[in-house]
Amino acid sequence: MCFAWVVKTIVLTGASDGIGAAAAGDLVRQGHRLLLVGRSEEKMKAVAAATGVDEWFLADFERLDDVRRLADELRGACDRIDVLANNAGGMFDGPVRTDDGFERTFQVNHLAPFLLTHLLLDVLLANNAAVVNTSSVAARMFSGLDMDDLNDWDTFSATKAYGDAKLANVLFARGLHTRFHDQGLTAVAFHPGVVATSFATNTSHMLKYAYHTPIRTFFLSARRGGRNLTHFVDGTPGTTWVSGEFYGSNRRITRTADQAYDDDIVRKHWELSAQMLDLPGS
């Protein structure tokens, strides 16, 4: 029996370093068309040179106008998207209010990819696309969503804000599945593993010293973490992974925070996020 190799058009954010850059190399070698997104022009040029990808875009998720411009540029660059990999994110000190009026950790990790996905939603639906959200085990370890304070203005710590934002990635995947799976869209969230990357560079939290001292030698390499990202991006929904679920770094369905399984929270979190961004569905 012969199987045809399917070439996918993949939008990959957070591609300037870490698991995003590693996955980009893997996906290119597998023959897919990549549209890479990152914040640093210098780093993106290096990734482009290393991978041979000539379609890359700059966007700083601390500015939602960058996200809107990015969506327009992606639309101009391609007429189909098979996979949107929402991989950009990070842990930050704070609370810091962005120019858009939201707390930085919440905006970069959740609101920006939520907005980008919505701005591309018609293209994604037209191609029965998959949305892959890079989440984290932090969603279970550190989260505790207050639906009246999604920005964590009143209870901010770097770890709680990050955990809440990573839980938001799971809620978003579940919301996409609930709302659009019957139209052909699939969505998943996963933990890539504790990976030795530049994570926590922008915080004074003790995790910074774990990620930037010899302790990091015990972490997964960026290449291994990138392979987990590649697994979901390159995989076949319904076969490789189940839409609407959260997966651990072992690539198996894994329990995350209890709030992720509350349908009312999934719905309300979606509605509040859409309201903040003046999107339909609020």
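**Close-up views of the predicted model**

**Figure 1. Asp-152 in the loop between helix H6 (138-141) and H7.** All views in this set show a predicted model. The loop that runs from H6 to H7 contains Asp-152. The phi angle of Asp-152 is near 60 degrees, a positive value for a residue other than glycine. In general, most residues other than glycine have a negative phi. Asp-152 counts as buried because its relative accessibility is 2%, and buried means under 20%.

**Figure 2. Arg-251, a second residue with positive phi in a loop.** The loop between strand S7 (246-247) and H10 holds Arg-251. Although Arg-251 is not a glycine, its phi is positive, at about 65 degrees. How accessible is Arg-251, as a relative area? Its relative accessible area is 33%, so Arg-251 is classed as partly exposed, the range between 20% and 50%.

**Figure 3. The cis peptide bond between Gly-94 and Pro-95.** Gly-94 and Pro-95 are joined by a peptide bond with omega of about 5 degrees, in the cis form. In general, most peptide bonds are trans. Pro-95 belongs to the loop that connects strand S4 (83-86) with H4.

**Figure 4. The largest nonpolar core, with 54 residues.** The members that touch the most other members of this core are Phe-61, Leu-70, Leu-74, Leu-116, Leu-124, Leu-176 and Leu-185. At least two core residues come from each of the following elements: strands S2 (33-38) and S6 (186-190), and helices H3 (64-77), H4 (104-119), H5 (121-126), H7 (158-180) and H10 (263-276). A separate, second core has 23 residues, among them Ala-23, Leu-36, Met-44 and Ala-85. In soluble globular proteins, nonpolar side chains tend to be buried together.

**Figure 5. The surroundings of Leu-116.** Leu-116 is among the residues of the largest nonpolar core that touch the most other members. With residues up to four places away in sequence not counted, Leu-116 touches Phe-61, Val-67, Leu-70, Ala-71, Leu-74 and Leu-84, together with Thr-13, Asn-86. Of these partners, Phe-61, Leu-70 and Leu-74 are themselves listed with Leu-116 as touching the most other core members.

**Figure 6. Helix H7, mostly covered along its 23 residues.** From its first C-alpha to its last, H7 reaches 33 Å, close to the 33 Å expected at 1.5 Å a residue. Of the 23 residues in H7, 20 are buried. H7 is also one of the elements that supply at least two residues to the largest nonpolar core.

**Figure 7. His-191 in the loop between S6 and helix H8 (207-211).** His-191 is counted as buried because its relative accessibility is 10%, under the 20% limit. Which residues are in contact with His-191, leaving aside its neighbours within four places in sequence? They are Ser-135, Ser-136 and Val-137, along with Phe-246, Tyr-247, Gly-248 and Ser-249.

**Figure 8. The largest cavity, about 40 Å³ in volume.** One cavity of 30 Å³ or more is counted in the model. The lining of the largest cavity consists of Val-170, Arg-174, Gly-244, Glu-245, Phe-246, Thr-254, Thr-256, Ala-260 and Tyr-261. By character, the lining residues comprise four nonpolar, three polar and two charged. Phe-246, one of these lining residues, is also a contact of His-191.

**Figure 9. Ser-273 of helix H10 and its contacts.** The relative accessible area of Ser-273 is 0%, so Ser-273 is buried. Its contacts, apart from neighbours within four places in sequence, are His-110, Leu-111 and Phe-114. Ser-273 and Leu-111 are separated by 162 residues in sequence, whereas their C-alpha atoms are 6.9 Å apart. For the chain, 71% of contacts between residues at least 6 apart in sequence join residues at least 24 apart.

**Figure 10. Thr-51 in helix H2 (residues 41-51).** Thr-51 counts as buried because its relative accessibility of 16% is under 20%. Apart from neighbours within four places in sequence, the residues in contact with Thr-51 are Ala-24, Gly-25, Val-28 and Leu-36. Leu-36 is also included in the second nonpolar core. Between Thr-51 and Leu-34 there are 10.0 Å from C-alpha to C-alpha and a separation of 17 residues in sequence.

**Figure 11. The chain as a whole, for orientation.** The chain contains ten helices and seven strands. Of its 282 residues, 55% count as buried.

How values were computed. Residues are numbered from 1 along each chain as its sequence is written. This is a predicted model: local features need pLDDT of at least 70, side-chain atom pairs count only at pLDDT 80 or more; totals for chains, interfaces and linings use all residues. Side-chain values use heavy atoms; hydrogens and water are left out. A nonpolar core is a set of buried Ala, Val, Leu, Ile, Met, Phe, Trp, Tyr and Cys residues joined through side-chain atoms within 4.5 Å. Buried means under 20% relative accessible area, exposed over 50%, partly exposed in between (1.4 Å probe, protein chains only). Helices (H or I, at least four residues) and strands (E, at least two) are DSSP runs, numbered from the N terminus. Contact means heavy atoms within 4.5 Å. The expected span of a helix is 1.5 Å times one less than its number of residues. On a 1 Å grid over the protein atoms alone, a cavity is a set of points where a 1.4 Å probe fits but cannot get out, and a pocket is an open set with protein on both sides within 12 Å along at least five of seven lines; lining residues have an atom within 4 Å of a point. Grid points are joined across faces, edges and corners, and a volume is the space filled by probe spheres set on the points. Ala, Val, Leu, Ile, Met, Phe, Trp, Tyr, Cys and Pro count as nonpolar, Asp, Glu, Lys and Arg as charged, and the others, Gly among them, as polar.
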